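Okay, thanks for coming, everyone. I'd like to walk you through one model today, so let me put it on the screen.

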Amino acid sequence: MASAAVRAQVAAKWQESFNRLNRNEPGISGLLAFSEAWTLAIEFLKPRDLNDPTPQKQYDLNQVRAAFGVVSECRRLPVMMEVFLEDMRKSQHLITREVEAYMALYESNSDPEAIRSLVYRLVEWYNAWKPTADLGPTMISAYTLAFQTHIFSVLPPSFARGIKALVSATLQRTVSQSQDPQDRVLWQAFDTLSLIDRYETLIASIGYEFIESYVEETCARKWSEPMLATLRTWMIDKIVPWMLYPFARGATNADEAKTMMQGVGSRFDFHMHKTLCNLRTKEIFDIIVDFPESAGALQDLKECLARVDQRADLVQALRQANNKRLLHPGADTKDILTHYVSTIKCLRIVDPPGVLLFKVADPTRRYLRDRPDTIRCIVASLVGDGESGDSLVDDNDPIQPLQQPEMENYSDPEWNPEPIDAGPDFRASKSSDIISTIVSIYDTKDLFIKELQVLLAQRLLAVKDGNFDRERRNVEILKIRFGEAALQVCEVMLRDMTDSRRIDQHVQSQTASSMHPTIISRHFWPALESSDMVMPGQFQILQEQYAKEFSVFKPDKVLRWLPHLGRVHLQLELEDRTLEADVPPLEAAFIELFSEKDVWTVDELVLRSGSVNRNAAVKALATWVDMHVLKEESEGIFRLLSVAEGPTPGSRPQAPKPETGELPPVMSVQQQQAEQMKMYWKFIEGMLTNLGSLPLDRIQSMLKFAPGYDRTVEQLGSFMEAARRESLVNVKDGMWRLGK
C-alpha cells in the first residue's frame, strides 16, 4: 500500500494539473472552457481532403486564436501537435494517391508539365494542412518535416527526371531572355517543398551540362584568340541571372545575393575552367601543330591549369597523341623535329618552369635519338638558307651559344624551388634557345660537329660559281653556337676552296687547260667515296699535265686524283652531227674509249676504266644510248653511231636526261663509322678466337686499347647485331662467339 507521503504527492500533482486546466476558475467552468477550446482547435487543424466537394466549414478566426490561446495557457500545445501529426499521418494516403496519378501521367507522355502540375498541387496540400503562425515556429517546423518526409518517400525515381526537364527549360528561357513569369512561381514552389535543397546537386548538374555544351560549341577549334574573357562575360550575363532563383532565394539586395552565391558561384566558375581545360587538352596536339596561330588557346590553357590542377592529364593526352600520330616509322624525321620545336615553344608558354615539357618531351627525345637521320636533319636546318622553309628556328631569334646544364646556385636571391609535380630527374634550368634544347637530345655535340663537316663539304663541292659567301656566313653563325675551336676544321675547308681557285688560276696562267679541279686537304675533309677508276686518253694526259704544273707551284705537296667525282662538259664531233653533253666522269671515260674503236663490250670497258662496278658501267652506257650516240648491238656489246640512224617504226626519240642536283658523294657520319668499325672487326675477331666467348662489356673494354676507338657500348652492340645477321658471330645468354 502506498504511504501517506506518496498519496499526498499524487494528490498535489493532480490538484496542480486541475488548477492549470481549470485556470483557477470557480468550480469546473475553466475545465469546460478548455474542453471546448481543445475541440475547436483539433477540428480546425484536422487535415481535410482537397478533393472532397463538401463545402468547408467556416471558422471564426478570432475564436480559433482564442482557443489556441487557452490550449497554450494550459501548456497542452505539445499534446495538440502530436494529435495533429497523427491525424496528418492518417490522411497522407490522399497525397500519395494524387502523386501516383500525376506520375503515371508523366511516365506515359514524358511531358514535364505534369511534374509542374504535381508540384503546384503538392504546394496546395502543404498550404491547406499548414498550421497557423499563431502556434509558433516549432509546430510549423514539425509539420513541414513530416509533410516533406512523406512526399519524398512516395515520389518515384522518374520524378527527378521530370524536375531536370523543368529546370532545364527555365535555364533555356533565362539564357534566351524569354523568361516566363511562371518560372518564379515554380521556383517558389520548389522552395516551399524544399525540392531545391533535396535536388541541389541535380540542379547544379544542369548548369554544368549547359556550360559544357556552350564551351564545346563556341570554343572548339577556335584558337587564335583567348576565350576565357568571353566565357566569363557570358556566365555573368546568362548563367548568373538563372542561378539567383535556386541559390540566392530570399536575398533582398545585390550584396546579399552575392554573399549567398559566393560558394556555388566559385564551383560554377571552376567547372567552366575545367571544361575549357578538358577541351584544350583534347585539342593540344593540333594546337601545337597550328602554333603560333593558336597562341590564344595556349593562354587560356595556362590560366585554366592555374585554376584546375589537370597537368597530369595534359601530359598523358599529349604523350598518347604523340605516340599515335607522330612517333612511328611513317612520320618524317623533319616533321617530328618541327613538331618537337613547336611543343617546346607552346609548353614554355603554358608552363614556364618547364616541368610539363620535361615530362612530354622525354619519349620524343628518345625516339629522335634512335633515328639515324636526326642529326642530319638538325644540321641541315642549322646551315639552311632560310628560304626553303627548312629552318627549325626563327631567323629573327638571337643567335646564342649552346647552353650547358648548370648546377643550382642556392645562394642566388632569385632561386626558386622545383615545382611540386617535378619528377626526381627534373632539373630546373634557365630558359635556353631552341637549338640548345634540340642539341641536348644527345650527350655530346661531337656528332653534330662531324655531321656539320659532312654537310659543309657537300655544299662546298656543289658550288660552281666560286661564291662561298653563304657557307662562310653559316660557319660564322655556327661558331657562335658551338665555339670557334669546334669549327676549326670547317675554317680549313673554306680556306681550301679559296686556295683551290687561286691555285687553278696560277696553273691556268702557266699552261692553259680545260681542266679545273678542286684541291682539298685530305686530313681535314670528311672521307669521300673512293674508286679504282682510271681516266683514259686525253683525260689522263690533262691530269698529268695539270699535276706537273701543280708540283712546280707546290713542290711539297702531291695531288691524289679522284677521277670518279665531278662533271665533264664534252663536245662530240661525229660524221654527221656535233653534240654537247655535261656528264659524270665515267660516261666521259667510256665515250673517250669509243674514239679508239667503234665496238666495245661492257667487260672490256670496265677493264680499261679501272675495274669499275659493272652496274655503274651499264648505267653510264645507257646515258649515251638514250642520246643516240651508242647502240646496243646485242647483250653487253655496244657500237658507236658515227652516223645517226633513223628511228624505227613506232619508236620515239628520247631526250637526254636532265642533270640532277645531287650533292657530291661525301660519306655520311654513319658511313664513316661503319667503315671504321670494319677495321675494328679484326680486333674483335682476334679476341673471340683467342679468348672464346666474351660479353659485350668485356669486348668494349678491350677495344678501348685500339687506336682511335671512341664508340659507345650501344654502338658496339648495333655493330655486333649486324655481324650476327651476317652469321659472323653468335650470341647466347649475352655471350658472343664467332660463327661457324
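I'll go through strands, a buried helix, salt bridges, a cavity and some backbone oddities.

Housekeeping up front: this is a predicted model, where local features need pLDDT of at least 70 and side-chain atom pairs count only at pLDDT 80 or more, while totals for chains, interfaces and linings use all residues. Residues are numbered from 1 along each chain as its sequence is written, and side-chain values use heavy atoms, with hydrogens and water left out.

Let's start with the strands. When I say helix or strand, I mean a DSSP run, H or I with at least four residues for helices and E with at least two for strands, numbered from the N terminus. Two strands pair if DSSP finds at least two bridges between them. So which order do the strands of the three-stranded open sheet take? They run S3-S5-S4, with antiparallel pairing. S3 (599-601) and S4 (630-634) are at the edges with a single partner strand each, so each has one side with no neighbour in the sheet. From one strand to the next the twist averages 30°, with axes being lines fitted to C-alpha atoms, for helices over the stretch in contact, and angles running from 0 to 180 degrees between N-to-C directions.

Zooming in, S3 pairs with S5 (residues 637-640) over three bridges, in the antiparallel sense. One contact to click on: valine 599 has arginine 639 in S5 as its bridge partner.

There's also a hairpin, made by S1 and S2 with four residues between them. Those two strands pair over six bridges, again antiparallel, and leucine 572 has leucine 579 in S2 as its bridge partner.

Now, helix H25, residues 585-593. Buried here means under 20% relative accessible area, exposed means over 50%, and partly exposed is in between, with a 1.4 Å probe and protein chains only. Nine of the nine residues of H25 are buried, so the helix is largely enclosed by the rest of the structure. Among them are Phe590 and Ile591, but also Glu587 and Glu592.

On to charges. How many salt bridges does the structure hold? There are 30, counting a side-chain nitrogen of Lys or Arg within 4 Å of a carboxyl oxygen of Asp or Glu. Take lysine 282 and glutamate 216, whose side chains meet at 3.8 Å, N to O. The lysine is in helix H13 (residues 262-282) and the glutamate in helix H10 (residues 200-219), so this pair ties together parts that are 66 residues apart in sequence. Lysine 282 counts as exposed at 61% relative accessibility, and glutamate 216 as partly exposed at 35%.

Back by the hairpin, aspartate 582 forms a salt bridge with arginine 567, with the closest N and O atoms 3.6 Å apart. Aspartate 582 sits in S2 (residues 578-583), and arginine 567 in the loop between helix H24 (537-553) and S1 (568-573). Then there's aspartate 576 with arginine 577, at 2.7 Å between the closest N and O atoms. In that pair, aspartate 576 is partly exposed at 42% relative accessibility, whereas arginine 577 is buried at 17%.

Next, empty space. Searching the whole structure turns up two cavities of 30 Å³ or more. A cavity is a set of points on a 1 Å grid over the protein atoms alone where a 1.4 Å probe fits but cannot get out, and lining residues have an atom within 4 Å of a point. Grid points are joined across faces, edges and corners, and the volume is the space filled by probe spheres set on the points. The second largest cavity comes to about 40 Å³. Its lining includes Val507, Thr511 and Tyr546, and H24 gives the largest share of that lining, four residues.

Last, the backbone. Most residues other than glycine have a negative phi, and most peptide bonds are trans. Where do we see something else? The peptide bond from phenylalanine 291 to proline 292 is cis, with omega near 10°, and proline 292 is in the loop between helix H14 (284-289) and helix H15 (295-307). Serine 194 has a positive phi of about 60° and is buried at 19% relative accessibility. Aspartate 733 has a positive phi of about 55°, but this residue is exposed, at 74% relative accessible area.

That's my tour, over to you.

Terms used:
1 Å grid on protein atoms, 1.4 Å probe; cavity = no way out; pocket = protein on both sides within 12 Å on 5 of 7 lines; lining within 4 Å.
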